[in-house]
Amino acid sequence: MVVSSPLHVGGASAHLLRPWANSSSRPLIVAISGGIGSGKTTFARALAPFAAAYADADQLARDVVMPGTPGLMALVERFGSKILNEDGTLNRQQLAGLIFGDSALRAEVEQIMHPLIAQEARALLSTAPAEGMAVYDVPLIRNAEEAAPFDVVIMVGAPLEEKLTRLVSRGLSPDDAQQRIAAQIDDATRREYASVWVDNTGTQSDLEGLAEVVVKTWLLPTVM
């Protein structure tokens, strides 16, 4: 059973909310999640060197809609060829524009893509040996059902001002950044399903250093 006080590296900190029991008979399945601009992907990538298996939901979301895949064919059947580029690849900006602000259309896209992404993720994570750790960088854990497949759910959060700054630095307008953040579940809801809460209020180096400390203290305490 994992028991510990909060961990700190610079301005970043990790807080244990729900302890778990490590098992020697199967790999530890860890999900890293958080809102847009929170730093979850930075944290997940910092865990990758310690993981026996690693899956990135954003990359899988691109893979399952490559030309010729059932995912892309299903999207074209629903939305038409207007969502395609001239070379037959998915025009993500066009699709995003069609579904943004329309929860029903967004749900239809999720119903097409999420099972395909989950199938690919399971295949990748299942390659981890019993003594290892499998890490899944996944943006959406919104309820207990989505959290259930994982032994540990690490949620990464950051102050609104910092998330806005990060999104604007990626090319979004302040209004677009605000709308994208507002469209997601809030941090209070994320905490309900978190085993560990990470406050990303420091530098990128702080967050990466904290990830290593979390591995060696909580996730794989035998790692030196």
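How do the residues of the lining of the largest cavity divide into nonpolar, polar and charged? I would like to begin there, and I should say at the outset that we are looking at a predicted model, so everything that follows should be heard with that in mind.

The structure holds one cavity of 30 Å³ or more, and the space in the largest cavity comes to about 30 Å³. Its lining is made up of A21, N22, S23, R26, P27, L28 and D151, and these residues divide into three nonpolar, two polar and two charged, which answers the opening question. As a general point, empty space is found by rolling a probe the size of a water molecule over the atoms.

From the cavity I turn to an open pocket, the second largest, which has about 170 Å³ of space. Of the 13 residues that line this second largest pocket, those closest to its centre are N22, S23, E131, L219 and L220, and the whole lining divides into six nonpolar, five polar and two charged. Please keep N22 and S23 in view, since they are listed in the lining of the largest cavity and also among the residues closest to the centre of the second largest pocket.

Next, the annotated stretch. An unreviewed UniProt entry lists G37, S38, G39, K40, T41 and T42 under "binding site", and I will take three of these residues in turn.

S38 sits in the loop between β3, residues 28-34, and α1, residues 40-47. Its relative accessibility is 1%, and therefore S38 counts as buried, the cut-off being under 20%. A polar atom of the S38 side chain lies 2.8 Å from the backbone oxygen of G35, and, if we set aside neighbours within four places in sequence, S38 is in contact with V156, G157, A158, K163, R166 and N200.

G39 is placed in that loop between β3 and α1 as well, and with a relative accessibility of 16% it counts as buried. Leaving aside neighbours within four places in sequence, the contacts of G39 are V156, R166, N200 and L207.

K40, by contrast, has its place in helix α1. At a relative accessible area of 8%, K40 is buried, and beyond residues up to four places away in sequence it touches I32, S33, G34, D58, D137, V138, P139 and V156. You will notice V156 among the contacts of S38, of G39 and of K40.

Let me move to I141, which is found in the loop between β5, residues 133-137, and α6, residues 144-147. I141 is buried, with a relative accessible area of 2%, and, not counting residues up to four places away in sequence, it touches A31, S33, E146, A147, F150, V153, M155, I185 and Y193. The C-alpha atoms of I141 and I32 are 9.3 Å apart in space, although their positions lie 109 residues apart in sequence as a separation.

Where, then, is G132 found? It is in the loop between α5, residues 103-125, and β5, and at 12% relative accessibility it counts as buried. Aside from neighbours within four places in sequence, G132 is in contact with P27, L28 and A52, and here I would point out that P27 and L28 also belong to the lining of the largest cavity. From G132 to R190, 58 residues along the chain, the C-alpha separation is 26 Å.

In strand β2, residues 12-16, we find S13, which counts as buried at 9% relative accessibility. The side chain of S13 makes a polar contact of 2.9 Å with the side chain of H15, and S13 touches L7, H8, W197, V198, D199 and L210 when residues up to four places away in sequence are not counted.

I will finish with two helices. The N-terminal end of helix α4, residues 92-99, is capped by N91, where a side-chain oxygen lies 3.2 Å from the backbone nitrogen of Q93, and α4 is followed by G101, whose phi is positive, near 85°.

Is D175, in helix α8, residues 174-182, buried or exposed? At 56% relative accessibility D175 counts as exposed, because the cut-off for that word is over 50%. D175 and L164 are 11 residues apart in sequence, and their C-alpha atoms are 9.4 Å apart in space.

Key: Residues are numbered from 1 along each chain as its sequence is written. This is a predicted model: local features need pLDDT of at least 70, side-chain atom pairs count only at pLDDT 80 or more; totals for chains, interfaces and linings use all residues. Side-chain values use heavy atoms; hydrogens and water are left out. On a 1 Å grid over the protein atoms alone, a cavity is a set of points where a 1.4 Å probe fits but cannot get out, and a pocket is an open set with protein on both sides within 12 Å along at least five of seven lines; lining residues have an atom within 4 Å of a point. Grid points are joined across faces, edges and corners, and a volume is the space filled by probe spheres set on the points. Ala, Val, Leu, Ile, Met, Phe, Trp, Tyr, Cys and Pro count as nonpolar, Asp, Glu, Lys and Arg as charged, and the others, Gly among them, as polar. UniProt positions are given in the numbering used here, feature names are shortened, and annotations may be inferred rather than shown by experiment. Helices (H or I, at least four residues) and strands (E, at least two) are DSSP runs, numbered from the N terminus. Buried means under 20% relative accessible area, exposed over 50%, partly exposed in between (1.4 Å probe, protein chains only). Contact means heavy atoms within 4.5 Å. A polar contact is a pair of N or O atoms within 3.5 Å; within protein, one must be able to donate a hydrogen and the other to accept it, and residues adjacent in sequence count only if both atoms are side-chain atoms.
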